[in-house]
Amino acid sequence: MDAGVAAILGAAVGACGTAIAAGVTGFFGRSHAKLQLAAQREQLERQIRADMATQLREPRRQAYASFDAELQSQLDQLAAASGTLDSDPLRLDVAAQQLGDHEPTVSESYRHVAMQGPEDIAYVAARAEAALHAAFASGYAIVADNGENLSGHRTEMDASIATARQALRDFRMLAMKVLRADGGEPELDQARARVASILNRPHRE
């Protein structure tokens, strides 16, 4: 091989090596840039979730506290009426007074909980409301029937009270977790985790 051909081949090999090195450098540079962008996006999303959790915490706390107080007050009413209906002689007039003049309607405090969310705690609140209404309905049925079919209505009433109490316990546990959330995970993922913790927990009497 003469010197001219060797020089041409050497230049070609050098150019290819430079091109390959530049390509490799560019590839890793682009990969690094993509990783940086992904990390920045994830950090921004975490910050947005944290800011949202902070902004929602106080209005949610107020809504949850108001609903909890109202629910507990109605459960106390029902417990007093249930005790009176178990007395001998039966005092329907006292039980009617303890139940109140009108069956509770969907309350403003429940509406606030439903609007503030998240969905899992709104669902538990709705379950508690439904159980309360069923318990009051059974109590009013006893009064309206003048004590007839007392045993059947009492069974329904006490079962509904137990369901409402369990729903209130679940509500309180979920409310605590919602208010402690720091936005580290998307709210939907957090809600699924809270639901799983409720479903996997043994039932409390």
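Me: Buried means under 20% relative accessible area, exposed over 50%, and partly exposed anything in between (1.4 Å probe, protein chains only). With that in hand, what makes R111 partly exposed?

Reply: Its relative accessible area is 41%, which falls between the two cut-offs, so R111 is partly exposed. E108, at 47%, gets the label partly exposed too. Before we go on: this is a predicted model, where local features need pLDDT of at least 70 and side-chain atom pairs count only at pLDDT 80 or more, while totals for chains, interfaces and linings use all residues. Residues are numbered from 1 along each chain as its sequence is written, and side-chain values use heavy atoms, with hydrogens and water left out.

Me: How do you know that R111 and E108 meet in a salt bridge?

Reply: The rule asks for a side-chain nitrogen of Lys or Arg within 4 Å of a carboxyl oxygen of Asp or Glu. For R111 and E108 the N to O distance is 3.4 Å, so the pair passes. Both residues lie in helix α3 (residues 108-116), three residues apart, about one turn of the helix. An α-helix has 3.6 residues a turn, so residues three or four places apart point the same way.

Me: How many salt bridges does the rule give, and what makes R172 and D68 one of them?

Reply: The count comes to seven salt bridges. For R172 and D68 the closest N and O atoms are 2.5 Å apart, so this pair is inside the cut-off. R172 sits in helix α5 (residues 150-180) and D68 in helix α1 (residues 3-85), so the pair ties together parts that are 104 residues apart in sequence.

Me: Are R172 and D68 buried or exposed, or partly exposed?

Reply: R172, at 37% relative accessibility, counts as partly exposed. D68, at 19%, is under the limit and therefore counts as buried.

Me: What about R154 and D86: why is that a salt bridge?

Reply: Their side chains come to 3.6 Å, N to O, so the rule is met. R154 is in helix α5 and D86 in the loop between α1 and α2 (92-99), so the pair ties together parts that are 68 residues apart in sequence. Here R154 is buried at 14%, whereas D86 is exposed at 58%.

Me: What is a helix here, and how many does the protein have?

Reply: Helices (H or I, at least four residues) and strands (E, at least two) are DSSP runs, numbered from the N terminus. The secondary structure comes to six helices and zero strands.

Me: How do you know that the reach of α4 is close to the expected one?

Reply: The expected span is 1.5 Å times one less than the number of residues. Helix α4 (residues 119-144) has 26 residues and an expected 38 Å, and it reaches 37 Å from its first C-alpha to its last. After α4 comes N146, with a positive phi near 60°.

Me: Why are α3 and α4 called roughly antiparallel?

Reply: Axes are lines fitted to C-alpha atoms, for helices over the stretch in contact, and angles run from 0 to 180 degrees between N-to-C directions. Under 35 degrees counts as roughly parallel, over 145 as roughly antiparallel, 65 to 115 as roughly perpendicular and the rest as oblique. The axes of α3 and α4 come within 8 Å and cross at roughly 155°, and α3 and α4 are therefore roughly antiparallel.

Me: What kind of crossing is it, and which residues make the contact?

Reply: A crossing is left-handed if the near helix is turned anticlockwise from the far one by less than a right angle, and right-handed if clockwise. α3 passes α4 in a left-handed crossing. Contact (heavy atoms within 4.5 Å) is made by Y110, V113 and A114 of α3 and I121, A122, A125, A126 and E129 of α4.

Me: And what makes α2 roughly antiparallel to α4?

Reply: α2 and α4 pack at an angle of about 150°, with their axes 10 Å apart. That is over the limit, so α2 is roughly antiparallel to α4. The crossing of α2 past α4 is left-handed, and the contact involves L92, A96 and L99 of α2 with F136, G139, Y140, I142 and V143 of α4.

Me: Last one: why is T84 called buried?

Reply: T84 has a relative accessible area of 11%, so it lands under the cut-off. This residue is found in helix α1. Leaving aside neighbours within four places in sequence, T84 is in contact with L90, R91, V94, A95 and Q98.
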